[in-house]
Amino acid sequence: MTDHLHPEPDPLVIDQVRVWLAAAARLVVTTGAGISAESGIPTFRGPGGLWRRFRAEDLATPEAFRRDPRLVWEWYDWRRGLIAQAAPNAGHLALVEMEQGRDSFQLITQNVDGLHQRAGSQRVIEVHGNIWRVRCIDCGTESLNLETPLPQLPPRCPCGGMLRPGVVWFGEDLPRTALETAWSAAEQGDLMLVVGTSSLVYPAAALPDIARRHGARIVEINPDPTPLSDRADLSLRGSAAQILPRLLSP
Ligand code: OAD
């Protein structure tokens with residue numbers, strides 16, 4: 001939940017984005033932690049953000065995991081617990097509706113919470129992985145594990161190896177296929193909505209620039225300005241759960 005009060009965006013600006021949405025043959029949406037904020041999942045950098053309370057280098061790097069896998073897993077298991085209790089909000093649901101009936105649509109999320117899929121979005125690329133996936137550091141097998149709290153930390157693979165969370169950590173490459181698909185969607189889109197991300201973490205933060213260079217319009221939806229704001233065609237200041245439903249056809 002955003003801690004600020006924001007003026008409602010001008011209805012004329014909302015109408016303009018509706019017109020762009022209706023005209024867009026290829027719609028691309030990128031999302032970050034802000035879209036899940038109103039589901040009660042903390043963001044990383046804002047007020048109450050995880051990186052204000054925890055050090056990324058202790059919890060979200062391959063070195064941290066090598067040093068103290070149990071500590072890293074305790075943190076991820078805590079986050080899995082928060083996510084398990086959360087439900088998709090009106091912002092996630094509006095994106096499901098935007099996808100329906102569109103031939104060309106791609107949702108690209110930096111979130112690992114799986115809330116877009118739980119809401120019903122089909123064409124989702126998770127560029128930072130998924131917190132419900134686990135991967136064996138020995139045999140490389142990846143699987144889904146929905147249990148939380150986990151009975152044993154760190155959890156083990158049937159091969160005996162240690163499992164790690166199936167997410168991307170600082171200093172790691174993004175999953176290649178996911179990134180390539182995201183890149184090509186950005187190149188082909190004619191409208192991109194950038195929702196609830198601080199636009200600070202690369203390469204995901206480069207996607208709007210790729211889209212823009214290939215002729216797409218960029219619309220940012222975020223209560224606060226970001227480094228992207230100056231390059232966006234329009235910025236709608238407000239929360240995702242308030243604004244996204246208003247962009248659907250009346
Ligand atoms: P951040 O926490 O950096 O940014 C969240 C953004 O959401 C901010 O710009 C807020 O202003 C905005 N926001 C807050 N509440 C909102 C609401 N109700 N509706 C819409 N927007 C809202 O999160 P990300 O940009 O997703 O990576 O962070 C990117 C990556 O950094 C994450 O995937 C994670 C993190 O470290 C890794 O762990 C690798």
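Select V195 and I221 to begin: V195 has I221 in β8 as its bridge partner. Helices (H or I, at least four residues) and strands (E, at least two) are DSSP runs, numbered from the N terminus. Two strands count as paired if DSSP finds at least two bridges between them.

This is a predicted model, in which local features need pLDDT of at least 70 and side-chain atom pairs count only at pLDDT 80 or more, while totals for chains, interfaces and linings use all residues. Residues are numbered from 1 along each chain as its sequence is written, and side-chain values use heavy atoms, with hydrogens and water left out.

**Stop 1: strand β7 and its partners**

Show residues 191-195 as sticks; this is strand β7. β7 and β8 run parallel and are joined by five bridges. Now add residues 26-31, strand β1, which pairs with β7 in the parallel sense, also over five bridges. In that pairing, T30 stands opposite V194 of β7.

How many of the five residues of β7 are buried? Five of the five are, where buried means under 20% relative accessible area, exposed means over 50%, and partly exposed lies in between (1.4 Å probe, protein chains only). In a regular strand the side chains alternate between the two faces of the sheet. Colour L191, L193 and V195 for one side of β7 and M192 and V194 for the other: both faces are covered, and these residues are all buried.

**Stop 2: the loop after β7**

Move on to S199, in the loop between β7 and α10 (207-213). S199 is not a glycine, yet has a positive phi of about 55°. With a relative accessible area of 8%, S199 is buried.

In the loop between β7 and α10, select P203 as well. The peptide bond leading from Y202 to P203 is cis, with omega near 5°.

For another cis bond, go to T148 and P149, where omega is near 0°. P149 sits in the loop between β5 (142-144) and β6 (163-167).

**Stop 3: A232**

Select A232, in the loop between β8 (217-221) and β9 (234-236). Is A232 buried or exposed? Its relative accessibility is 13%, so A232 counts as buried. Beyond its neighbours within four places in sequence, A232 is in contact with I218 and E220; contact means heavy atoms within 4.5 Å. To link this loop back to β7, draw a C-alpha to C-alpha distance from A232 to M192: the two are 9.6 Å apart in space and 40 residues apart in sequence.

**Stop 4: helices α11 and α7**

Select residues 240-247, helix α11, and pick out its buried residues: A240, A241, I243, L244 and L247. What do the buried residues of α11 pack against? They pack against α1 (11-23), α2, α7, β7, β8 and β9.

One place to look at the α7 side is G91, which lies in helix α7 (residues 90-99). G91 has 0% relative accessibility and counts as buried. Leaving aside residues within four places in sequence, G91 is in contact with I35, A240, A241 and L244. Among these, A240, A241 and L244 are buried residues of α11. From G91, draw a C-alpha to C-alpha line to G34: the separation is 10.0 Å in space and 57 residues in sequence.

**Stop 5: S39**

Next, select S39, in the loop between α2 (34-37) and α3 (50-53). S39 counts as buried, at 14% relative accessibility. Show its contacts too: apart from residues up to four places away in sequence, S39 touches A86, A87, P88, N89, H92 and L115.

**Stop 6: the whole chain**

Zoom out. The chain has 11 helices and nine strands. Its radius of gyration, taken over C-alpha atoms, is 18 Å, close to the 18 Å that the globule rule gives for 250 residues, so the chain is as compact as a globular protein of that length. The globule rule is 2.2 Å times the number of residues to the power 0.38. Along the principal axes, the C-alpha atoms fill a box of roughly 60 × 35 × 30 Å.

Of the 250 residues, 52% count as buried. Among contacts with a separation of 6 or more, 66% are between residues 24 or more positions apart.
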